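Biologist: I should like to learn how the features of a protein model are read. May we work through one together?

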Amino acid sequence: MTASMLHPTDLKELRDAVLDSSGTLGIAGAGTAADWAGPLGPVDAVLDTTGLAGIVVHNPGDMTVAVRAGTPLRQLQEELAPHHQRVSLDAARVAEGATVGGLVATGDAGPCGLAFGSMRDLVIGVTLVLADGTVARSGGHVIKNVAGYDLAKLLHGSYGTLAVIAEVVLRLHPVPEREATLAVSCSLTEAAELARAVLAGPHEAVALEWLGTTPDAGTLLVRLNGTAAAMDARLDRLRPVLPGAVDGDDRWAEHAAIVRGGPGDAVLRIGVRPSKLPGVLTALPARAITAGLGTGIATVVLDAQDVAAAHETVAAAGGTSVLRRRPAGASVPAWGPPPSALKVLRAVKQSLDPAGRLGPGRFDPWM
């Protein structure tokens, strides 16, 4: 049976679509993360959120913006640019049209997460529709908001299994006058030492990433941003910490290409304590790696048959891992061993979606 496609364009239509559909529902945005996590199981209908697009209200003075969930972040950045403001998120798939709601639902982030965090840190309000049609709101345009449950953080990384995101309120940051990156050729172990030196100094790096095809050889990228007047002096202070550093502004495209992976690749997103990250990555049979040495977040490109063992290795180090690209036709586990908080996860699912309508299969085999 082919799932019916639903195309709401506002909150009322979204609520009606949920209420008028009695069976299971999948949620789809731009499709840039369609093969992430567990594959979506059979559903009766798919909610296409791309019609929920556009800015609801932008408060330049407060540096906040409310935007509909189906809005591509790339488009939002273009509309904010004349105000010299931006959403400080540089996930690789933003260039492919990833939507604001999809970035929240998948818990995605990019290199500048070192300074600005992920969507979990940037979302200050959310409007959503639960599986029973209830419209719920949390937070708003006030940065410090302590009333009620923080639904935005609950939905971060939920892969469309808890609710349908309708609108998101985001905190903004000024667009920096200048950005610059220094690149150093080094092994992953050497990069970890250099990263510690950078983080221990007054350099205020906004991104600190190593990339390579093996742990023995690669490149450490250190990005700074700020005022044009101060940048040259900041780079001069940083260069002695990074012997042999050269301009690396053009290396971020290579970083993004590894994160996205290619046809036939299995890509895992890994999170582990930063001090343990080099050891974990060295133990994996990866064909390409990006490693956030300040955040503990890494991406590894593997052969499909190596995914299960990689999950086990990460879990043994106390980390988490999730599949971020599934080779066509391959059956590979999306998740590793169940987390200690699995009972809590199941309880939240039972509370918000007791009939199990939303996103079946996305967290298989956990629930």
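**Reading a pocket, a strand and some charged pairs**

Modeller: Let us begin with the second largest pocket: the residues of its lining divide into 15 nonpolar, 12 polar and two charged. Please keep in mind throughout that this is a predicted model.

Biologist: How is such a space found in general, and how much space lies in the second largest pocket?

Modeller: Rolling a probe the size of a water molecule over the atoms shows where empty space is left. Here, about 510 Å³ of space lies in the second largest pocket. Of the 29 residues that line this pocket, the closest to its centre are Ile27, Ala28, Gly29, Gly102 and Arg362.

Biologist: Which elements each supply at least two residues of that lining, and which of them gives the largest share?

Modeller: Strand β2, helix α3 (100-106) and strand β9 (164-171) each supply at least two residues of the lining. The largest share comes from α3, with four residues.

Biologist: Let us turn to strands. What is the general idea, and how many of the eight residues of β12 are buried?

Modeller: In a regular strand the side chains alternate between the two faces of the sheet. In this model, strand β12 covers residues 207-214 and is mostly covered, six of its eight residues being buried.

Biologist: In which sense does β12 pair with β13, and over how many bridges?

Modeller: The pairing of β12 with strand β13 (residues 217-226) is antiparallel and runs over seven bridges. A hairpin of two residues joins β12 to β13. To locate the pairing in the structure, one may look at Thr214, whose bridge partner in β13 is Ala217.

Biologist: What can be said of the pairing between β12 and β16?

Modeller: β12 also pairs with strand β16 (residues 288-292), in the antiparallel sense and over four bridges. There, Gly212 has Ile289 of β16 as its bridge partner.

Biologist: I should next like to read the backbone angles. Where is Ala37 found, and what is its phi?

Modeller: Ala37 is found in the loop between β2 (25-28) and β3 (45-48). Its phi is positive, about 55°, although Ala37 is not a glycine. Ala37 is buried, with a relative accessible area of 0%.

Biologist: His84 also has a positive phi. Is His84 buried or exposed?

Modeller: His84 counts as exposed because its relative accessible area is 57%, and the cut-off for that class is over 50%. The phi of His84 is near 60°, and this residue is found in the loop between α2 (73-80) and β6 (85-86).

Biologist: What is the form of the peptide bond from Asp364 to Pro365?

Modeller: That peptide bond is cis, with omega near 5°. Pro365 is found in the segment after α12 (342-352).

Biologist: Finally, I should like to read the charged pairs. How many salt bridges does the count come to?

Modeller: The count comes to 13 salt bridges, when a side-chain nitrogen of Lys or Arg must be within 4 Å of a carboxyl oxygen of Asp or Glu. One of them joins Asp108 and Arg93, with the closest N and O atoms 2.9 Å apart. This pair links distant parts of the chain, 15 residues apart: Asp108 is in the loop between α3 and α4 (113-116), and Arg93 is in the loop between β6 and α3. Both Asp108 and Arg93 are buried.

Biologist: Why does the pair of Glu96 and Arg260 tie together separate parts of the sequence?

Modeller: In the salt bridge between Glu96 and Arg260, the closest N and O atoms are 3.5 Å apart. Glu96 lies in the loop between β6 and α3 and Arg260 in helix α9 (residues 252-260), so the pair ties together parts that are 164 residues apart in sequence. Glu96 counts as partly exposed, at 41% relative accessibility, and Arg260 likewise counts as partly exposed, at 29%.

Biologist: Where do Arg196 and Glu193 lie?

Modeller: Both lie in helix α7 (residues 188-200), three residues apart, which is about one turn of the helix. Their salt bridge has its closest N and O atoms 2.4 Å apart. Arg196 is partly exposed at 46% relative accessibility, and Glu193 is partly exposed at 48%.

Biologist: Which residues are joined into one network by salt bridges that share partners?

Modeller: Arg93, Asp108 and Arg324 are joined into one network in this way.

How values were computed. Residues numbered from 1 in each chain as written. Predicted model: local features only at pLDDT ≥ 70, side-chain atom pairs only at ≥ 80, totals over all residues. Heavy atoms only, no water. Buried < 20%, exposed > 50% of the residue type's maximum accessible area, 1.4 Å probe, protein only. Pairing = 2+ DSSP bridges. 1 Å grid on protein atoms, 1.4 Å probe; cavity = no way out; pocket = protein on both sides within 12 Å on 5 of 7 lines; lining within 4 Å. Points joined across faces, edges and corners; volume = space filled by probe spheres on them. Nonpolar A, V, L, I, M, F, W, Y, C, P; charged D, E, K, R; others polar.
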